[in-house]
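User: Got a minute to go through this one with me? I'd like to begin with the aromatic rings.

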Amino acid sequence: MDWTERIVGAFARALNILSAVWLASIALLILYDVVGREAFDSPFFGTNEIVSNSVLSILFLQLPLSILTRSSLRTTILYDHAGDWGKALIEAMSYILAGVLFLVLAVGSWANMIEGWAIGEQEGSGIINIPVYPIRTLVVFVSFFGVVVCALLTLKALTRPHEFVRQGRSGGA
């Protein structure tokens, strides 16, 4: 299972790096738009559409690594009073629920993604149109990858509970 963890971890880190580059690009685009609008009365047309579609994409690209490193927000009322096996079971149940959520999201978004590709779905104000189907594809793809990440963590919590709980205390998977 170690090679699977390494591959999943490397891919999650790559998605996170992509999201960071995307976020920096969006920040530069907003800066360009504001300076262009205020200093030269020449905004970058389509900034609103690009930014609104990018927010969801950036979030989804960061989710797998956040889950894999166990950096999600959590409440520890019961968790702190459980032993290693209890903690591992709580973790496994939470990852099973998250995996089901990702699976439902991926399956539920599949038809919209296919339709978006078929019709070349775009969003825009007329001046510029931004294709939406790549964003729909990203949501489906990353949701399926989220299922894989959650399955890996569930398996790890149930097969190596003491190691899993110790790694959680040190802040990473």
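Analyst: Sure. Rings of Phe, Tyr and Trp, the last by its six-membered ring, count as a pair if their centres lie within 6.5 Å. Keep in mind that this is a predicted model.

User: OK, how many aromatic pairs does the structure hold?

Analyst: There are five aromatic pairs. One of them is F11 with F141, an edge-to-face pair at 5.9 Å centre to centre and 85° between the planes.

User: Where do F11 and F141 sit in the chain?

Analyst: F11 is in helix α1 and F141 in helix α4, 130 residues apart, so to speak a link between distant parts of the chain.

User: And are F11 and F141 buried or exposed?

Analyst: F11 is partly exposed, with a relative accessible area of 33%. F141 is partly exposed as well, at 42%.

User: What about W117 and Y133, how do those rings sit?

Analyst: They make a tilted pair, 4.5 Å centre to centre with 55° between the planes. W117 belongs to helix α3 and Y133 to helix α4, so this pair ties together parts 16 residues apart in sequence. W117 has 48% relative accessibility, which counts as partly exposed.

User: Which residues do ring pairs link into a cluster?

Analyst: F11, F141 and F145.

User: Switching to helices. At what angle do α2 and α4 cross?

Analyst: Roughly 10°, and the axes of α2 (residues 47–68) and α4 (residues 133–159) come within 9 Å. Angles under 35 degrees count as roughly parallel, so α2 is roughly parallel to α4.

User: Which residues meet there?

Analyst: From α2 you have N53, L56, S57, F60, L61, P64, I67 and L68. On the α4 side they meet I135, L138, V139, V142, S143, F145, V149, C150, L152 and L153. By type, this contact of α2 with α4 has 15 nonpolar residues, three polar and no charged.

User: Now the core. Which residues have the most contacts inside the largest nonpolar one?

Analyst: V8, I67, L68, Y95, F145, V149 and L153, in a core of 21 residues. Helices α1 (2–40), α2, α3 (84–119) and α4 each supply at least two residues of this core.

User: Which helix gives the most to this core?

Analyst: That's α4, with nine residues.

User: Last one: what does I67 touch?

Analyst: Leaving out residues up to four places away in sequence, I67 touches S72, Y95, F102, V149, C150 and L153.

Definitions and conventions
Residues are numbered from 1 along each chain as its sequence is written. This is a predicted model: local features need pLDDT of at least 70, side-chain atom pairs count only at pLDDT 80 or more; totals for chains, interfaces and linings use all residues. Side-chain values use heavy atoms; hydrogens and water are left out. Axes are lines fitted to C-alpha atoms, for helices over the stretch in contact, and angles run from 0 to 180 degrees between N-to-C directions. Helices (H or I, at least four residues) and strands (E, at least two) are DSSP runs, numbered from the N terminus. Angles under 35 degrees count as roughly parallel, over 145 as roughly antiparallel, 65 to 115 as roughly perpendicular and the rest as oblique. Contact means heavy atoms within 4.5 Å. Ala, Val, Leu, Ile, Met, Phe, Trp, Tyr, Cys and Pro count as nonpolar, Asp, Glu, Lys and Arg as charged, and the others, Gly among them, as polar. A nonpolar core is a set of buried Ala, Val, Leu, Ile, Met, Phe, Trp, Tyr and Cys residues joined through side-chain atoms within 4.5 Å. Buried means under 20% relative accessible area, exposed over 50%, partly exposed in between (1.4 Å probe, protein chains only). Rings of Phe, Tyr and Trp (its six-membered ring) pair if their centres lie within 6.5 Å; planes under 30 degrees apart count as stacked, over 60 as edge-to-face and the rest as tilted.
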